[in-house]
Amino acid sequence: MDKIATISFDADGTLWDFEGVMHHALECALEELRRLVPAAPDSLLVETLIAIRNQVAEEHKNRGLTHEAIRLEAFKQTLQFINNPDDDLAVHLNTLYLKHRFEDILLFDDVLPTLNALQGGYTMGLLSNGNTYPERCGLGGYFQFVVFAQDHGIQKPDPRLFEIAIDRARCTKRQLLHVGDSFQNDIIGAKQAGIRSVWLNRQGRDNETEQQPDFEISSLRELTKILENLM
């Protein structure tokens with residue numbers, strides 16, 4: 001069995017709490033909207049913004065829009081929804097949202113110790129369906145490659161995205177280990193691509209599939225032990 005030379009990490013939910021920072025950023029945008037549009041109905045909630053965004057994403061899923069473009073269109077439709085269409089305000093809200101979405105990310109406490117321990121010994125990269133570049137969240141310099149689904153028109157678990165990571169890392173399938181929190185996107189996707197995987201199961205969720213990860217951990221700190229055993 002080939003020695004692991006490259007580690008690809010999922011981002012949202014693996015390195016930071018995406019749901020938490022997304023809700024926080026939307027709350028900041030909603031507060032700004034209410035400040036600038038006092039007549040905005042009280043029924044307009046963060047959950048409303050999420051629902052509108054998801055609807056926009058579904059409507060435009062085959063158009064190759066970036067996450068930023070989808071979010072901007074969602075703010076435009078939100079303002080139309082409250083009978084206050086204003087594209088300039090939508091741009092302002094989107095800019096504010098993105099500022100908090102990226103600048104207020106809090107890494108899980110096991111991320112930096114693990115990356116520091118692995119740095120220099122492995123080629124490391126991000127393989128994500130999201131859009132957070134490492135430099136935006138204090139992780140500049142750790143990763144030698146970044147693969148975002150939105151740049152290729154496909155998403156995990158599509159095995160082609162893992163093959164792009166292999167090409168970027170200049171390694172073989174058996175030299176790559178993928179780490180992620182989504183069983184469907186990360187573990188099944190890696191299996192379909194013929195790549196070994198580590199399921200980061202922080203919450204101790206049940207595996208409700210017939211598939212098995214190569215490894216399962218509850219903290220990234222356990223990753224170094226796995227790698228030692230694979231040497």
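**Briefing: two cores, two helices and a buried asparagine**

Start with Leu223: leaving out residues up to four places away in sequence, it touches Phe9, Thr114, Leu118, Leu177, Val179, Val198 and Ile217. This is a predicted model, so take what follows in that spirit. Leu223 is also one of the residues that touch the most other members of the largest nonpolar core.

**The cores**

- The largest nonpolar core has 27 residues, and Phe9, Leu15, Phe143 and Leu223 are the ones touching the most other members.
- At least two residues of this core come from each of β1 (6–9), α5 (111–118), β2 (123–128), β4 (176–180), β5 (196–200) and α8 (223–230).
- Another core, of 21 residues, lies apart from that one, and includes Leu49, Ala90, Tyr97 and Phe102.
- As a rule of thumb, nonpolar side chains in soluble globular proteins tend to be buried together.

**Helix α5**

- On α5, the buried residues are Val111, Thr114, Leu115 and Leu118.
- Look down the axis of α5 and those buried residues fall within an arc of 95°, so they line one face of the helix.
- Among the elements covering the buried residues of α5 are β1, β2 and α8.
- Just past the end of α5 comes Gly120, with a positive phi of about 95°.

**Helix α1**

- Helix α1 runs over residues 18–36, and its 19 residues should span 27 Å at 1.5 Å a residue; the end C-alpha atoms are indeed 27 Å apart, so the two agree.
- At the N-terminal end of α1, Asp17 acts as the cap, with a side-chain oxygen 3.4 Å from the backbone nitrogen of Glu19.
- Quite a list of α1 residues is buried: Val21, Met22, Ala25, Leu26, Cys28, Ala29, Leu30, Glu32 and Leu33.
- The cover over the buried residues of α1 includes α2 (46–59), α3 (67–81) and α4 (87–103).

**Asn131, a buried loop residue**

- You'll find Asn131 in the loop between β2 and β3 (145–148).
- Asn131 has a relative accessible area of 7%, which means that it counts as buried, the cut-off being under 20%.
- The Asn131 side chain makes a polar contact of 3.2 Å with the side chain of Glu68, and another polar contact, of 3.5 Å, joins it to the side chain of Arg101.
- Setting aside neighbours within four places in sequence, Asn131 is in contact with His67, Glu68, Arg101, Phe102, Arg136, Phe148 and Gln150.
- One of those contacts, Phe102, is also a member of the 21-residue core.

How values were computed:
Residues numbered from 1 in each chain as written. Predicted model: local features only at pLDDT ≥ 70, side-chain atom pairs only at ≥ 80, totals over all residues. Heavy atoms only, no water. Helix = DSSP H or I, 4+ residues; strand = E, 2+ residues; numbered from the N terminus. Expected span 1.5 Å × (residues − 1). Buried < 20%, exposed > 50% of the residue type's maximum accessible area, 1.4 Å probe, protein only. Contact = heavy atoms within 4.5 Å. Polar contact = N/O pair within 3.5 Å; in protein donor to acceptor, adjacent residues only side chain to side chain. Core = buried A, V, L, I, M, F, W, Y, C linked by side-chain atoms within 4.5 Å. Arc of directions from axis to C-beta.
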